[in-house]
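Open the model in your viewer and keep the selection tool at hand. We will go from stop to stop, and at each one you will hear what to select and what is there.

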Amino acid sequence: MKQNKIDSKFIINSAMIAAAYIALSYISSLLALSFGAIQFRLSEALNILAAITPAAIPGLTIGCLLSNISSPFGIVDIIFGTVATLLSAVLINLIGKLKSKAIPVLAAIPPTVLNGLAVGIFTVFFTDGKATIITFGLTFLSVAVSELIICAILGAVVFIICKKYNLFK
């Protein structure tokens with residue numbers, strides 16, 4: 001019977017994280033900040049939750065998948081953006097197992113790099129062959145910087161609040 005409670009709690013936490021990710025992505029998209037070379041997708045601050053609970057891995061992945069359905073990049077973002085989020089969540093979960101006070105800073109690295117690469121590659125595919133390594137580099141840099149700001153600053157706030165109030169325990 002105890003096993004069912006653990007599974008139910010995991011599923012509920014994953015669903016709550018997915019719902020929060022979708023809601024924050026929707027708010028960001030209303031502000032035209034969810035897609036493109038400059039992204040301030042508020043939902044990316046939730047990536048830090050993978051350092052606290054493994055339930056965040058499916059929650060973030062499903063939230064990203066459903067959020068990316070409205071992406072102007074279409075199926076490319078749905079697939080590769082979601083894979084970038086999944087890989088980031090797995091890496092952040094591993095970072096969360098470290099005994100370090102630098103977890104919020106370290107956890108910002110995977111989504112910064114992986115989303116920068118993913119969106120940089122989208123740019124190359126959607127410029128009708130006019131993209132250059134400079135286009136890729138500039139897109140990577142702008143997405144990475146905006147991702148780093150959201151993940152490191154807002155993510156740290158999320159991390160502190162979750163730890164202070166023992167959320168997801």
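## A guided tour

Start by selecting Ser-43, which counts as buried because its relative accessibility is 0%. What you have open is a predicted model. Ser-43 lies in the loop between α1 (2–30) and α2. Which residues is Ser-43 in contact with, leaving aside its neighbours within four places in sequence? Show Tyr-21, Leu-24 and Ser-25, and you have them.

**The loop between α2 and α3**

Next, select Ile-69, whose place is in the loop between α2 and α3. Is Ile-69 buried or exposed? With 56% relative accessibility, Ile-69 counts as exposed. Now add Val-83, which is 14 residues from Ile-69 along the chain. If you draw a line between the C-alpha atoms of Ile-69 and Val-83, the separation is 14 Å.

**Two aromatic pairs**

Searching the whole structure turns up two aromatic pairs. For one of them, select Phe-73 and Phe-122: their ring centres are 5.0 Å apart and their planes stand at 45°, so this pair is tilted. Phe-73 sits in the loop between α2 (56–67) and α3, while Phe-122 belongs to helix α5, so the pair ties together parts that are 49 residues apart in sequence. Phe-73 is buried, at a relative accessible area of 14%, and Phe-122 is buried as well, at 1%.

Then select Phe-136 and Phe-140, which form a stacked aromatic pair, with 6.3 Å from centre to centre and 25° between the planes. How many residues apart in helix α6 are Phe-136 and Phe-140? They are four residues apart, so about one helical turn separates them. Colour them by accessibility: Phe-136 is buried, with a relative accessible area of 19%, whereas Phe-140, at 24% relative accessibility, counts as partly exposed.

**Helix α5**

You have already met one residue of this helix, Phe-122; now select all of α5, residues 109–125. The helix has 17 residues and reaches 25 Å from its first C-alpha to its last, close to the 24 Å expected at 1.5 Å a residue.

Which residues of α5 are buried? Highlight Pro-110, Pro-111, Thr-112, Asn-115, Gly-116, Ala-118, Val-119, Gly-120, Phe-122 and Thr-123. To see what covers these buried residues, bring in other helices, including α3 (75–96), α4 (103–106) and α6 (133–164).

**Where α5 meets α6**

Keep α5 and α6 on screen. Two packed helices are described by the angle between their axes and the distance between the axes. Here α5 and α6 pack at an angle of about 145°, and their axes are 8 Å apart. The crossing in which α5 passes α6 is right-handed. On the α5 side, the residues making the contact include Pro-111, Val-113, Leu-117, Ile-121 and Val-124. On the α6 side, look for Thr-135, Val-143, Glu-147, Leu-148 and Cys-151, among others. Phe-136 and Phe-140, the stacked pair from before, also take part in this contact. The residues of the contact divide into twelve nonpolar, seven polar and one charged.

**Last stop: after α6**

Finally, follow the chain to Asn-166, in the segment after α6. Most residues other than glycine have a negative phi. What is the phi of Asn-166? The value is positive, about 50°, although Asn-166 is not a glycine. Asn-166 is exposed, with a relative accessible area of 53%.

Methods: Residues are numbered from 1 along each chain as its sequence is written. This is a predicted model: local features need pLDDT of at least 70, side-chain atom pairs count only at pLDDT 80 or more; totals for chains, interfaces and linings use all residues. Side-chain values use heavy atoms; hydrogens and water are left out. Helices (H or I, at least four residues) and strands (E, at least two) are DSSP runs, numbered from the N terminus. The expected span of a helix is 1.5 Å times one less than its number of residues. Buried means under 20% relative accessible area, exposed over 50%, partly exposed in between (1.4 Å probe, protein chains only). Contact means heavy atoms within 4.5 Å. Axes are lines fitted to C-alpha atoms, for helices over the stretch in contact, and angles run from 0 to 180 degrees between N-to-C directions. A crossing is left-handed if the near helix is turned anticlockwise from the far one by less than a right angle, and right-handed if clockwise. Ala, Val, Leu, Ile, Met, Phe, Trp, Tyr, Cys and Pro count as nonpolar, Asp, Glu, Lys and Arg as charged, and the others, Gly among them, as polar. Rings of Phe, Tyr and Trp (its six-membered ring) pair if their centres lie within 6.5 Å; planes under 30 degrees apart count as stacked, over 60 as edge-to-face and the rest as tilted.
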